[in-house]
Amino acid sequence: MIADRLAEVRSRIAAAARSAGRAPSSIQLIAVSKTFPVDLVREAYAAGQRDFGENRVQEALQKIESAAGLEIRWHLLGHLQTNKARKAGAAFATIQSVDSIELLQKLDLAAVEAGATPELLIQVDVAGEATKFGVPPAGVPPLFEAATRLQAARVVGLMTLPPVPQTPEDARRWFRQLRDLRDGWRESGIPPPMLRELSMGMSGDFEVAIQEGATIVRVGTAIFGSRDAKPWVRNL
Ligand SMILES: *Cc1c(COP(=O)(O)O)cnc(C)c1O
C-alpha cells in the first residue's frame, strides 16, 4: 500500500516538474515519517525510498537506531533547540530548521566532533507568523555571513513552512516569495552553493511548490496516511 502511494506521489512530482519545464530528477522527495513506526519506514525503503524526514530529535534518533543498516538519509524538519544540537549535528544528512547563528555554530561544532558533514537549510518565516519558527527574511543575511565561517556543516539553501492553506493555490504566494528571496540574495552576492535548495511543499501543495521552484518536497500524509488518528501526538 505504501508502495502504491509512493509511486503515485512520485508520478505526480514528475508530472508537475514536466509541466513546469523542469527535470523530474531535479526534485528530491523526502518521505515524512514522523509519528509513524519504523516498520512503515522499512516498507517505504523496500519501495525504493531513501530520504526520510522527522520532526523531533528524540523520535528520529530512535528510528535511526532501529533502521541502522539501511542506507537512509535522515532529514530533520522540526524546530531544534540548541541543547539538542549536539545530537542532531551528528545524526542527520540535512537539518532544515536552522533559525539562529547560535544553532549554526553549535551544529557545526557537533559535526566537527562527529566527523559528519551535514547540510543545513535556513528556515525562513515568509508569512511573518509570530507563532511559527523560522527567521524573518530581514534576519537571514547575517546567517549567510556566519555560514562562511563553518568548518564541517554547510548551508545549502532555504526551507519554508507557510500558513496551512485552504487550497493548494493559497500556498503559491509564499512559495513564490521564498523563490524571490532566493533570487534577490543571489543577486546581492550570496555564494550560489548556499542557495542551491528550496525546500517547500507538503502533501497538500507540493505540485504548486514544484511549479514555483521547489527542489525538495516534504511529503507525509500522502505516503503514510493521516496522522489525525493519533491525537496524543502534536500534529503539525
Ligand atoms: C509534517 C511535516 C511535513 C509533511 O506534512 P504532510 O502534510 O503530512 O505532507 C512537511 N514538512 C514539515 C516541516 C512537517 O513538519
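How far does a polar side-chain atom of R227 lie from an oxygen atom of the ligand? In this predicted model, the separation is 2.8 Å. The protein also covers 95% of the 380 Å² of accessible area that the ligand has on its own.

Let's stay with the ligand and look at who surrounds it. There are 13 residues around it, and those that come nearest are K34, S203, G220, T221 and R227. Two of these join R227 in offering a polar atom to a ligand oxygen. For S203, an N or O atom of the side chain is 2.5 Å from an oxygen atom of the ligand. G220 takes part through its backbone instead, with a polar atom there 2.8 Å from a ligand oxygen. If you sort the shell by residue character, you will find six nonpolar residues, four polar ones and three charged ones.

Now let's turn to the aromatic rings. A pair of aromatic rings is described by the distance of the centres and the angle of the planes. The structure holds three such pairs. One of them is formed by F52 and W74, with 5.8 Å from centre to centre and 40° between the planes, so the pair counts as tilted rather than stacked (under 30 degrees) or edge-to-face (over 60). This pair links distant parts of the chain: F52 sits in strand β2 (residues 51-54) and W74 in strand β3 (residues 73-76), 22 residues apart. Both F52 and W74 are buried.

Rings also meet arginines here. R50 lies over the face of Y45, at 3.6 Å from the ring centre, while R173 lies over the face of W174, at 4.0 Å from the ring centre.

Key
Residues numbered from 1 in each chain as written. Predicted model: local features only at pLDDT ≥ 70, side-chain atom pairs only at ≥ 80, totals over all residues. Heavy atoms only, no water. Near = heavy atom within 4 Å. Polar contact = N/O pair within 3.5 Å; in protein donor to acceptor, adjacent residues only side chain to side chain. Areas by Shrake-Rupley, 256 points an atom, 1.4 Å probe, with all protein chains shown as cover. Nonpolar A, V, L, I, M, F, W, Y, C, P; charged D, E, K, R; others polar. Phe/Tyr/Trp six-rings, centres within 6.5 Å; stacked < 30°, edge-to-face > 60°. Helix = DSSP H or I, 4+ residues; strand = E, 2+ residues; numbered from the N terminus. Buried < 20%, exposed > 50% of the residue type's maximum accessible area, 1.4 Å probe, protein only. Lys NZ or Arg CZ within 6 Å of the ring centre and 35° of its normal.
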